[in-house]
Amino acid sequence: MALLSLDPRLDEKYAAPMALKLVVDCSGSMSGTSIECARRALLAILDRLDARDRVSITRFGSTVEHV
């Protein structure tokens, strides 16, 4: 398991469009506080994207769903 948190403050004119892949554990072990923290983290990430960025989300648990 790895956790990385970056919040670079880049000058908007130099920021390139981003291609981002997010993988989210939605298994039964993520119930309660864990899934709520994951939800808040995803919303914070998505809030920082702009119209040029592309994102792909894969959620997994008993099944796998690509969004």
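Select R59 and E65 in this predicted model. The side chains of R59 and E65 meet in a salt bridge, with N and O 3.5 Å apart. R59 is partly exposed, at 42% relative accessibility, and E65 is likewise partly exposed, at 40%. Side chains of opposite charge can pair when their charged atoms come close. The structure holds four salt bridges in total.

Next, select G61. This residue lies in the loop between strand 2 (54-60) and strand 3 (64-66). G61 counts as partly exposed, with a relative accessibility of 37%. Now add C26 and S27 to the selection: G61 touches both of them, residues up to four places away in sequence being left aside. A distance drawn from the C-alpha of G61 to the C-alpha of M30 should read 9.2 Å, although 31 residues of sequence separate the two.

From the loop, proceed to the sheet. Display strands 1, 2 and 3 together; they form an open sheet in the order 1-2-3, with mixed pairing. Strand 1 (19-25) and strand 3 are the edge strands, each of them pairing on one side only. From one strand to the next, the twist averages 15 degrees. Strands of a sheet pair through backbone hydrogen bonds, either parallel or antiparallel. In which sense do strand 1 and strand 2 pair? Their pairing is parallel and extends over seven bridges. To see one position in this pairing, select L20 together with V55: L20 stands opposite V55 in strand 2.

Now bring helix 1 into view. Helix 1 covers residues 33-47. The helix lies across strand 1 and strand 2, and its direction makes an angle of about 170 degrees with strand 1.

Within the helix, select R40 and E36. R40 forms a salt bridge with E36, and the closest N and O atoms are 3.6 Å apart. Both residues belong to helix 1, where they are four residues apart, about one turn of the helix. R40 is partly exposed, with a relative accessible area of 46%; E36 is also partly exposed, with a value of 28%. Add R39 to the selection to complete the picture, as E36, R39 and R40 are linked in a network of salt bridges.

Remain with helix 1 and turn to its nonpolar side chains. Select L43, I45, L46 and V55, which form a nonpolar patch on the surface. Together these residues have about 290 Å² of accessible area. Which element supplies the largest share of the patch? Helix 1 does, with three residues. One residue to inspect individually is L46, found in helix 1. L46 is partly exposed, with a relative accessible area of 33%. V55, another member of the patch, is the residue of strand 2 that stands opposite L20.

For the final stop, select D50 and R52. These residues form a salt bridge in which the closest N and O atoms are 3.5 Å apart. Are the two partners buried or partly exposed? D50 counts as partly exposed at 30% relative accessibility, and R52 is partly exposed with a relative accessible area of 40%.

Note on methods. Residues numbered from 1 in each chain as written. Predicted model: local features only at pLDDT ≥ 70, side-chain atom pairs only at ≥ 80, totals over all residues. Heavy atoms only, no water. Helix = DSSP H or I, 4+ residues; strand = E, 2+ residues; numbered from the N terminus. Buried < 20%, exposed > 50% of the residue type's maximum accessible area, 1.4 Å probe, protein only. Patch = residues over 30% accessible without salt bridge, like charges linked within 9 Å, V, L, I, M, F, W, Y side chains within 5 Å. Areas by Shrake-Rupley, 256 points an atom, 1.4 Å probe, with all protein chains shown as cover. Contact = heavy atoms within 4.5 Å. Pairing = 2+ DSSP bridges. Axes fitted to C-alpha atoms, helices over the stretch in contact; angles between N-to-C directions.
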